[in-house]
Amino acid sequence: MKANLQIGQTCLPINGKLYTKPDYDKPVIIDELPKQEYDHRRYGIPLRYKDITMEYIVKKGIPPQVQNNVRDVQAYIANLRENLNEGVGMVFRGTVGTMKTTLAVAIMRETIELGKNAYFIPMANLMDKLFSGTTEERAKLEQRLQSVSLLVIDDLGMEYEKGWVTAKIRAIINDRYNEKKSTIITTNLGKDISDRYIEGMLDRIAGTSTFSNFEGKSLR
């Protein structure tokens with residue numbers, strides 16, 4: 001019986017079609033979904049950014065201070081399928097209000113158009129869900145963060161804590177690195193990012209990411 005598929009749902013591919021998985025030994029996590037009507041909530045995209053696409057950004061007009069950043073993103077999108085297959089991501093680093101989140105969402109929309117899984121989560125929300133959720137809710141969230149083709153972690157560094165928080169972020173990054181999953185990180189941290197996160201995690205990020213540095217005044 002054909003299933004109503006959900007992102008990250010365990011399923012079984014049979015003759016080119018996806019079915020809910022019975023009790024087999026090895027689960028199969030779907031990576032690509034049939035095209036569905038776009039709903040920003042399904043992907044964690046905030047309401048403010050629900051209509052953001054690269055086409056929208058270009059039509060609205062690109063501020064001079066982010067033209068180089070837009071070119072970086074367009075170059076990434078031009079090879080999007082290959083980047084997703086190889087687990088290549090991006091790191092947007094710079095001051096607040098410089099379109100880092102907007103451009104990250106634009107990449108998400110292109111990913112969704114390919115039929116791939118994508119998920120957006122701000123660091124503050126991630127920490128809140130990991131701290132306050134039930135064991136089942138936390139496990140479900142972590143599984144999704146590990147399995148989606150493209151994960152956007154927004155405002156890395158906004159959690160203001162070390163220890164358990166750093167360990168969780170490291171685990172997510174390590175899992176995605178090992179499984180060749182693409183991650184986009186936006187952060188207001190500059191050189192002090194090395195004071196917040198350990199060297200091994202930063203090495204994994206640097207080794208699989210294109211960096212784009214944002215400068216200038218806030219555009220909000």
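Two strands count as paired if DSSP finds at least two bridges between them. Keep that in mind for the strand pairs below, and bear in mind that this is a predicted model.

**The strands around S3**

Let's start with strand S3, residues 89–94. S3 and strand S7 (residues 209–214) run parallel, and 6 bridges join them. If you want a spot to click on, Gly 94 stands opposite Phe 214 in S7. S3 also has a parallel partner in strand S6 (residues 182–187), this time with 4 bridges. Here Val 91 stands opposite Ile 185 in S6.

So is S3 enclosed or open? Largely enclosed by the rest of the structure, because 5 of its 6 residues are buried.

**The chain as a whole**

Zooming out, the protein chain has 9 helices and 7 strands. Of its 220 residues, 43% are buried. Take the contacts with a separation of 6 or more: 74% of them are between residues 24 or more positions apart. The accessible surface of the chain comes to about 12300 Å², and carbon and sulfur atoms hold 48% of that.

**Helices H5 and H6**

Next up is a helix pair. Helix H5 covers residues 123–132 and helix H6 covers residues 135–147; their axes come within 9 Å and cross at roughly 140°. On the H5 side, the residues that meet H6 are Leu 126, Lys 129, Leu 130 and Phe 131, while H6 brings in Arg 138, Leu 141, Glu 142 and Leu 145. What's the chemistry of that contact? It splits into 5 nonpolar residues, 3 charged and no polar ones.

**Thr 102 and its neighbours**

Thr 102 sits in helix H4, which spans residues 100–113. Is Thr 102 buried or exposed? With a relative accessibility of 15%, Thr 102 counts as buried, because the cut-off is under 20%. Apart from neighbours within four places in sequence, Thr 102 is in contact with Tyr 49, Ile 52 and Ile 57. For Ile 57, the C-alpha to C-alpha distance to Thr 102 is 8.5 Å, with the two positions 45 residues apart in sequence terms.

**Salt bridges**

How many salt bridges does the structure hold? There are 4. The table lists some of them, including the distance between the N and O atoms.

| Residue | Partner | N to O distance |
|---|---|---|
| Asp 39 | Arg 41 | 3.1 Å |
| Asp 51 | Lys 50 | 3.2 Å |
| Lys 59 | Glu 55 | 3.2 Å |

How exposed are these side-chain partners? Asp 39 is partly exposed at 22% relative accessible area, whereas Arg 41 is exposed at 64%. In the pair of Asp 51 and Lys 50, Asp 51 is partly exposed at 49%, and Lys 50 is partly exposed too, at 27%. Asp 51 misses the exposed label because that takes over 50% and its relative accessibility is 49%.

The bridge between Lys 59 and Glu 55 is a helix affair: both residues lie in helix H1 (residues 54–60), 4 residues apart, which is about one turn of the helix. Lys 59 counts as exposed with 66% relative accessibility, and Glu 55 counts as exposed with 51%.

Notes:
Residues are numbered from 1 along each chain as its sequence is written. This is a predicted model: local features need pLDDT of at least 70, side-chain atom pairs count only at pLDDT 80 or more; totals for chains, interfaces and linings use all residues. Side-chain values use heavy atoms; hydrogens and water are left out. A salt bridge is a side-chain nitrogen of Lys or Arg within 4 Å of a carboxyl oxygen of Asp or Glu. Buried means under 20% relative accessible area, exposed over 50%, partly exposed in between (1.4 Å probe, protein chains only). Helices (H or I, at least four residues) and strands (E, at least two) are DSSP runs, numbered from the N terminus. Contact means heavy atoms within 4.5 Å. Accessible areas come from the Shrake-Rupley method with a 1.4 Å probe; for residues, only the protein chains shown count as cover. Axes are lines fitted to C-alpha atoms, for helices over the stretch in contact, and angles run from 0 to 180 degrees between N-to-C directions. Ala, Val, Leu, Ile, Met, Phe, Trp, Tyr, Cys and Pro count as nonpolar, Asp, Glu, Lys and Arg as charged, and the others, Gly among them, as polar.
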